[in-house]
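This report examines one strand, its pairing partners and a residue beside it, and then turns to the protein as a whole. The sequence and structure are shown first.

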Amino acid sequence: MLVMPNVSPSGPPMAASPLTVAVLEIDAYAAGLGWDQPARLFALVDTARLRTQEPGLAAQLGLDDAASAPAALTPIEQEELPDGTALDEFLATIAWPDAVVGCAMTVERLMLPPSAEASVPEGLSDARLTKWVADHPDRQEVRMTVAVLRDGARDSAVRLREKDSPTEVLTGAGLVPGLSDALAATFES
């Protein structure tokens with residue numbers, strides 16, 4: 001288990017839910033690492049429960065004082081994802097202990113605007129489609145941070161590389177439904 005530092009340069013919006021706060025905290029952490037990073041997986045734990053049940057870890061994370069840790073959820077970065085394993089295959093192998101109330105992931109991808117969908121050639125293999133998108137003049141590099149809770153709550157943040165600023169991050173529960181579904185499936189027994 002890797003510890004993720006508490007990063008919040010400008011603070012979350014005043015009315016943000018604990019899940020939104022966690023998503024924006026992870027987005028800020030990933031932004032601090034720069035672009036061209038591998039996918040990262042995080043466990044989300046209840047901060048108050050962590051302080052009570054794991055005081056040593058809470059102290060290591062700087063969460064031993066309730067006043068210094070207002071966030072209700074604490075993201076804990078997991079080990080690196082194995083090289084060469086497809087993301088969906090990797091996520092299918094995940095099982096979380098009961099102490100984990102949610103999980104989150106950051107991934108970088110290339111995206112095209114909806115206007116480009118009509119020009120996608122038919123019958124391309126996944127590899128050829130990936131190359132076609134990478135060569136498309138309207139492609140956008142994005143970092144997506146997606147989080148889900150066991151209770152079904154979801155949130156996500158999307159940051160464009162060309163607008164790499166905390167004030168330009170889009171948030172919303174339905175921005176990345178496929179990854180949200182895959183992360184939610186890690187909690188199914």
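## Burial of strand β4

In this predicted model, strand β4 spans residues 140–149. Of its 10 residues, 8 are buried, so the strand is largely enclosed by the rest of the structure. The cut-off behind this statement is a relative accessible area under 20%.

## Pairing of β4 with β3 and β5

Strand β4 pairs with β3, which covers residues 100–111. The two strands run antiparallel and are joined by 10 bridges. Within this pairing, Cys103 has Val148 of β4 as its bridge partner.

Strand β4 is also joined to β5 (residues 154–160), here through 7 bridges and again in an antiparallel arrangement. Thr145 stands opposite Ala157 of β5. The hairpin formed by β4 and β5 has 4 residues between the strands, and Gly152 in this hairpin adopts a positive phi near 100°.

## Arg159 in strand β5

Which strand holds Arg159? Arg159 lies in β5. Its relative accessible area is 3%, and because buried means under 20%, Arg159 counts as buried.

Two polar contacts involve the side chain of Arg159 and acidic side chains: a contact of 2.5 Å is made with the side chain of Asp27, and one of 2.8 Å joins Arg159 to the side chain of Asp164. When residues up to four places away in sequence are left aside, the residues touched by Arg159 include Glu141, Val142 and Arg143, and the strand β4 comprises residues 140–149. Asp27, Ala31 and Trp35 are also among the residues that Arg159 touches, as are Asp164, Ser165, Pro166 and Val169.

## The protein as a whole

The protein contains 6 helices and 6 strands. Read from the N terminus, its elements follow the order α-β-α-α-β-α-β-α-β-β-β-α.

Of the 189 residues in the protein, 37% are buried. The accessible surface amounts to about 10400 Å², with 53% of this area belonging to carbon and sulfur atoms. For contacts between residues at least 6 apart in sequence, 67% join residues at least 24 apart.

## Summary

Strand β4 has antiparallel pairings with β3 and with β5, and 8 of its 10 residues are buried. Arg159, located in β5, is buried as well and has side-chain polar contacts with Asp27 and Asp164.

Methods:
Residues are numbered from 1 along each chain as its sequence is written. This is a predicted model: local features need pLDDT of at least 70, side-chain atom pairs count only at pLDDT 80 or more; totals for chains, interfaces and linings use all residues. Side-chain values use heavy atoms; hydrogens and water are left out. Buried means under 20% relative accessible area, exposed over 50%, partly exposed in between (1.4 Å probe, protein chains only). Two strands pair if DSSP finds at least two bridges between them. A polar contact is a pair of N or O atoms within 3.5 Å; within protein, one must be able to donate a hydrogen and the other to accept it, and residues adjacent in sequence count only if both atoms are side-chain atoms. Contact means heavy atoms within 4.5 Å. Accessible areas come from the Shrake-Rupley method with a 1.4 Å probe; for residues, only the protein chains shown count as cover.
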